[in-house]
Structures are given as structure tokens and as C-alpha cells.
Amino acid sequence: MPRAGWPTRAALNALAEEAQVRTATGKPVRFVEPSSADPYYEVQVHRTGRVATRTENWHDLFNALAWLSFPRTKAAINALHAAEIPREGARRGRVRDMLTLFDEGGAIVRCGDPALEAMIRAFQWKELFWANRERVLRSLRFVVLGHAVLEKALEPWAGITCKAIFVSSADDPDAAAARWLGTPHTPEHLASLPVFGYPGWLPQSADAVFYCDERYFRPKPSRAAVKSQPGASQAAAAPQGVEESPGSTEQDAG
């Protein structure tokens, strides 16, 4: 439990009202008691602004905080889900796979050094986090928005992995992520990122041997390995990370 007690839905709603958090349809976002009458979570949020939020539940609390912290990005994710659902029916397609991965496990990487981005995309973890740790500390920032990742970070371990996009170090993360979502993407466009490799986030990061542990810092998968799994991608063949489906209230995501 949080030290000061769990925030009530009323408290979260007061913050949403103050910040004027809206869906893409212009509906005020309000956090409400879950209802079994809502068969498609994302469609209901899009149409009504009502976000099912369980009390004393970390997953739903972090989802609410994501709406408050990244309102444009969350509205864009929700709108894209709502647009895809009528076309897909009961089966989630590649676009919604990407949306779910980013919503649950996403990070926005603010990067002022293209060489560091290239190392991430090449799975060069020791070179990135150890050999270039001063450059990382100077030019690389991870902004985590995925609510499942935040829940898992309550008990941090080295294998927690985000699905990341890259923006300029000068960009506002929320605005930049919303713009990124404005063009078509699939899971392959998300970079795998073992976030707890960031220097200083775990005590083990003070030792070069830490970055040699392939349980957490896996090498880049070969094309043959990726193609051997139907629908697989380099983004999916990542170090152990977060769940790929939302919490129990997000019924449409499977």
C-alpha cells in the first residue's frame, strides 16, 4: 500500500478535471468503478471517457497515473484501439499488438546521441551501459509510461524490459509519443530496452560482469530465429519483460 494510503477515484478524478484530461473524442476522462456491462474496454473509454479503475489495485492506479501524466499519448492509444476493434472483430491484429505492448510496457527514450540509439537497436548492451556509461548518463533519459512495467518495478529485477520509441532530447515526451502514434506502426517498430541496465538503477550496474548476463541482456536475435516463430519480431524476441495484455478490466485486449 502507498505510504499515505490509496488515492481514491474521487482524488484521481479531481486531478483529471484540473488537468482537463480528454479522450480523442473530447470526453472528459473519469475513473469509475468497473462494470461487466462494458464488453469492449477501449471503445467505452473512447465513447464515454469512463476508465474502469479498481480500488487498491496497483495496475489500475498506474494506468490512471499514466492518463494524468501522458494524456495525449493515452488518448491516441485509446483512439487507435477503438478504430481497429470494429475492423478486427474478436482477434487482435498487429496494430493493436503494438498499442498493447506500448501501453503496458512502453518507454519514451529521450536521446541526444544517435550512436547510443544505434547501440540499443543493435542489442549492444555492455557497450552501451558500461563502455559508454558517461555518455548514457549525459545524453539518454528513459521516460516510462507503461503501467504494467511500473507495477513490476515495485519489485525491481534486472529482466524488466520496455518497448521503446525514440524522441529528441528537446521534445516533450507526451507530445512526441502522440505524434509518433499518428503514423502506422507494428510491434517491429518498438525497440527492446532492458531499462534496469541504466547505470545506477540497480547495485549490480557497478560491475561490468552484470552486463554479460544474457538472461537479461540478450544478443540480437538472428533473422532465422525471428522468422521461425509466426508473427515474431525482434521487438517480441526481447529480454524478459512485461505482460502483453492489459489487466482484467481491459477485456477487449485479450
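Which residues do ring pairs link into a cluster? In this predicted model, the cluster is made up of Phe123, Trp125, Phe129, Trp130, Phe210, Tyr211 and Phe217, joined to one another through ring pairs. It is a good place for a newcomer to begin, and the search can then be widened: over the whole structure, 16 aromatic pairs are found.

One of these pairs is formed by Phe142 and Tyr198, whose ring centres lie 5.0 Å apart with the planes at 70 degrees. Because the angle is over 60 degrees, the pair is edge-to-face. Phe142 belongs to strand β4, which covers residues 140–144, while Tyr198 sits in the loop between β6 (191–193) and α11 (223–227). The pair therefore ties together parts that are 56 residues apart in sequence. Both partners are buried, and for Tyr198 the relative accessibility is 8%. Tyr198 also pairs with Trp201, and here the ring centres are 5.4 Å apart and the planes stand at 40 degrees, so this pair is tilted. Unlike the buried Tyr198, Trp201 is partly exposed, with a relative accessible area of 36%.

Phe142 offers a link to another part of the chain as well. Its C-alpha atom is separated by 9.9 Å from that of Pro173, a residue 31 positions away along the chain. Pro173 is placed in helix α10 and is buried, its relative accessible area being 13%. Another pairing of residues distant in sequence involves Lys163, which is part of strand β5 (residues 162–168). The C-alpha atoms of Lys163 and Phe102 are 6.0 Å apart, although 61 residues separate the two along the chain. Lys163 carries a charged side chain by class, yet the residue is buried, with a relative accessible area of 9%.

Polar contacts come next. His185 is found in the loop between α10 (173–180) and β6, and with a relative accessible area of 12% it counts as buried. What does the side chain of His185 contact? One partner is the side chain of Thr183, with which it makes a polar contact of 3.0 Å. In addition, a polar atom of the His185 side chain lies 2.9 Å from the backbone oxygen of Trp180. A further contact is found in the loop between α1 and β1, where Thr23 has its place. The side chains of Thr23 and Thr25 are joined by a polar contact of 2.6 Å, and Thr23 is buried at 6% relative accessibility.

That loop also holds a residue with a notable backbone angle. Most residues other than glycine have a negative phi. Gln20, however, has a positive phi of about 55 degrees although it is not a glycine. Gln20 lies in the loop between α1 (9–19) and β1 (30–32). Is Gln20 buried or exposed? At 58% relative accessibility, it counts as exposed. Glu56 is likewise a residue other than glycine with a positive phi, in this case near 50 degrees. Its position is in the loop between β2 (50–52) and α3 (58–69), and a relative accessibility of 56% makes Glu56 exposed.

Glu56 leads on to the internal spaces of the model, as it is one of the residues lining the largest cavity. How many cavities of 30 Å³ or more are there? The count comes to two, and the largest encloses about 60 Å³ of space. Alongside Glu56, its lining consists of Trp6, Pro7, Arg9, Leu12, Thr53, Arg54, Thr55, Asn57 and Leu61. Sorted by class, this lining has four nonpolar, three polar and three charged residues.

Finally, the cysteines can be considered. The structure contains zero disulfides, since a disulfide requires a pair of cysteine sulfur atoms within 2.5 Å. Among the cysteines, Cys111 is buried, with a relative accessible area of 11%, whereas Cys212 is partly exposed at 45% relative accessibility.

Methods: Residues numbered from 1 in each chain as written. Predicted model: local features only at pLDDT ≥ 70, side-chain atom pairs only at ≥ 80, totals over all residues. Heavy atoms only, no water. Buried < 20%, exposed > 50% of the residue type's maximum accessible area, 1.4 Å probe, protein only. Phe/Tyr/Trp six-rings, centres within 6.5 Å; stacked < 30°, edge-to-face > 60°. Helix = DSSP H or I, 4+ residues; strand = E, 2+ residues; numbered from the N terminus. 1 Å grid on protein atoms, 1.4 Å probe; cavity = no way out; pocket = protein on both sides within 12 Å on 5 of 7 lines; lining within 4 Å. Points joined across faces, edges and corners; volume = space filled by probe spheres on them. Polar contact = N/O pair within 3.5 Å; in protein donor to acceptor, adjacent residues only side chain to side chain.
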